[in-house]
Amino acid sequence: MIIDGKGLADIMAESLKEKVKELKNKGITPGLVVILVGDDTASQVYVRNKERRATDAGFLSTVERLPSSTSEAALLALIEKYNQDTRYHGILVQLPVPKHINADKVLLAIRPEKDVDGFHPMNVGLLNVGNPLMIPSTPAGIMEMFKAYGVDLAGKEAVVIGRSNIVGKPIAQLMLAENATVTITHSRTQNLAEVARRADILVVAIGRGHFVTKEFVKEGAVVIDVGMNRDENGKLIGDVKFDEVQQVASLITPVPKGVGPMTIAMLMEQTYEGAKRSASQS
Ligand code: NAP
């Protein structure tokens, strides 16, 4: 069976609109600012999508488009402005930033309670100690798909391919919190296909088109493909060879219309939750 990430994200978007209306009735409008530095083509597409989704949800939605020559100090000052602005509950700096800007400094500058991407070290720490505040959207979206499709993780063997801070490490933490037995693999892992074949749940986030073939997948496994790559014709493809892996997996996400739409849906959900929290604190 194919996991319909797009369909699930659409359902979430509809229910979010209703929740936002209710919050607005209490005088609070969730606010999200996305900051884009430079003119990276892929980033421009991601930012446009986020802007559209936030507007559709009824948020106060702002995009700050800055030239690639923007100094680190100017970017940090802009972040601080939005840290102070109580109309905004989410601040997101689209990565990557130009090389002359230190991305770690940028992530540290965002107030953890407004860090809707969940990349601030404090949010990473809170996730690791099992008390999460803001969770990175892609892994959060994967967990939502498990819930929607009745995938129970307790006691299962879960294997993650990729150890990035954005996907691999946080999804491992989240699955561990749901009592899966988790193995994280990476480019130095020996006998990767053999390790992957142990998985009841296989999450792939490496950034190499069609890398995972059916030799990596146990019969009946759940396969989540995070990868977004372009093939030689410019077509969007995942890290998993969908056509052949589909034959062995019990559940699998497609690319596109799998993990991608859920990532944006979770970003909106977290901004809304941030707004709700700020309301209960004021
Ligand atoms: P990343 O930061 O580049 O990390 C890639 C990871 O894959 C690294 O840990 C690397 O291992 C590992 N890796 C690379 N080649 C490998 C190999 N041959 N065998 C085993 N492991 C290998 O990537 P990322 O940010 O996690 O993104 C991964 C993919 O997901 C990309 O295609 C990205 O575009 C996509 N993505 C999609 C979404 C979405 O919303 N759908 C969100 C985020 C990312 P080492 O650590 O040893 O180098």
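Student: What makes the largest pocket a matter for both domains?
Tutor: Look at its lining in this predicted model. At least three residues come from each of domain 1 (27-112) and domain 2 (137-259). The protein is divided into these two domains. Their centres, taken over C-alpha atoms, are 29 Å apart.

Student: Which residues lie nearest the centre of the largest pocket?
Tutor: Tyr46, Thr138, Met228, Gly260 and Thr263. The lining has 46 residues. The volume of the largest pocket is about 1,300 Å³.

Student: Which element gives the largest share of that lining?
Tutor: Helix α2 does, with 8 residues. Five elements each supply at least two residues: α2 (41-57), β3 (90-93), α6 (137-148), β8 (229-230) and α10 (259-281).

Student: How do you know which class Gly260 and Tyr46 count in?
Tutor: Go by residue type. Glycine counts as polar, so Gly260 belongs there. Tyrosine counts as nonpolar, so Tyr46 goes in that class. Over the lining of the largest pocket, 24 residues are nonpolar, 12 polar and 10 charged.

Student: Where does the second largest pocket lie relative to the domains?
Tutor: Domain 1 and domain 2 both give residues to its lining, so the second largest pocket lies between them. Its volume is about 400 Å³. It is lined by 22 residues, and Gly118, Phe119, Val124, Asn165 and Ile166 are closest to its centre. Helices α4 (103-109), α5 (121-128) and α7 (168-177) each supply at least two lining residues. By class, the count is 15 nonpolar, 5 polar and 2 charged.

Student: Why is one space called a cavity and another a pocket?
Tutor: Ask whether the probe can get out. In a cavity a 1.4 Å probe fits but cannot leave, whereas a pocket is an open set. The search of the whole structure finds 1 cavity of 30 Å³ or more. The largest cavity has a volume of about 30 Å³.

Student: What lines the largest cavity?
Tutor: Ile91, Leu92, Val93, Leu107, Ile110, Asp115, Asp117 and Phe119. Strand β3 gives the largest share, 3 residues.

Student: What makes two of these lining residues charged?
Tutor: Asp counts as charged, so Asp115 and Asp117 fall in that class. The other lining residues of the largest cavity are 6 nonpolar and no polar.

Student: How do you know that serine 187 makes a polar contact with the ligand?
Tutor: Set the distance against the cut-off. An oxygen atom of the ligand is 2.5 Å from an N or O atom in the side chain of serine 187. The limit is 3.5 Å, so the pair counts. Threonine 263 passes too: a side-chain N or O atom is 2.9 Å from an oxygen atom of the ligand. For valine 226, a polar backbone atom is 3.5 Å from an oxygen atom of the ligand.

Student: Which residues come nearest the ligand?
Tutor: Arg163, Ser164, Ser187, Met228 and Thr263, out of 21 residues around the ligand. Met228 and Thr263 also appear among the residues nearest the centre of the largest pocket.

Student: What is the order of the strands in the open sheet?
Tutor: The order is β5-β4-β6-β7-β10, with parallel pairing across 5 strands. Strands β5 (181-185) and β10 (251-252) stand at the edges, each with a single partner, so one side of each has no neighbour in the sheet.

Student: Why do β7 and β10 count as paired?
Tutor: Count the bridges. Strand β7 (residues 222-225) is joined to β10 by 2 bridges. Pairing needs at least two, so these strands pair. Valine 223 stands opposite isoleucine 252 in β10.

Student: Why is the bond from leucine 95 to proline 96 called cis?
Tutor: Look at omega, which is near 0° for this peptide bond. Proline 96 sits in the loop between β3 and α4. The bond from valine 255 to proline 256 is also cis, with omega near 0°. Proline 256 is in the loop between β10 and α10.

Student: What makes asparagine 191 worth a look?
Tutor: Its phi is near 50°, a positive value in a residue other than glycine. Asparagine 191 is in the loop between β5 and α8 (192-196).

How values were computed:
Residues are numbered from 1 along each chain as its sequence is written. This is a predicted model: local features need pLDDT of at least 70, side-chain atom pairs count only at pLDDT 80 or more; totals for chains, interfaces and linings use all residues. Side-chain values use heavy atoms; hydrogens and water are left out. Domain bounds come from an automatic or database domain assignment. Helices (H or I, at least four residues) and strands (E, at least two) are DSSP runs, numbered from the N terminus. On a 1 Å grid over the protein atoms alone, a cavity is a set of points where a 1.4 Å probe fits but cannot get out, and a pocket is an open set with protein on both sides within 12 Å along at least five of seven lines; lining residues have an atom within 4 Å of a point. Grid points are joined across faces, edges and corners, and a volume is the space filled by probe spheres set on the points. A residue is near a molecule or strand if one of its heavy atoms lies within 4 Å of it. A polar contact is a pair of N or O atoms within 3.5 Å; within protein, one must be able to donate a hydrogen and the other to accept it, and residues adjacent in sequence count only if both atoms are side-chain atoms.
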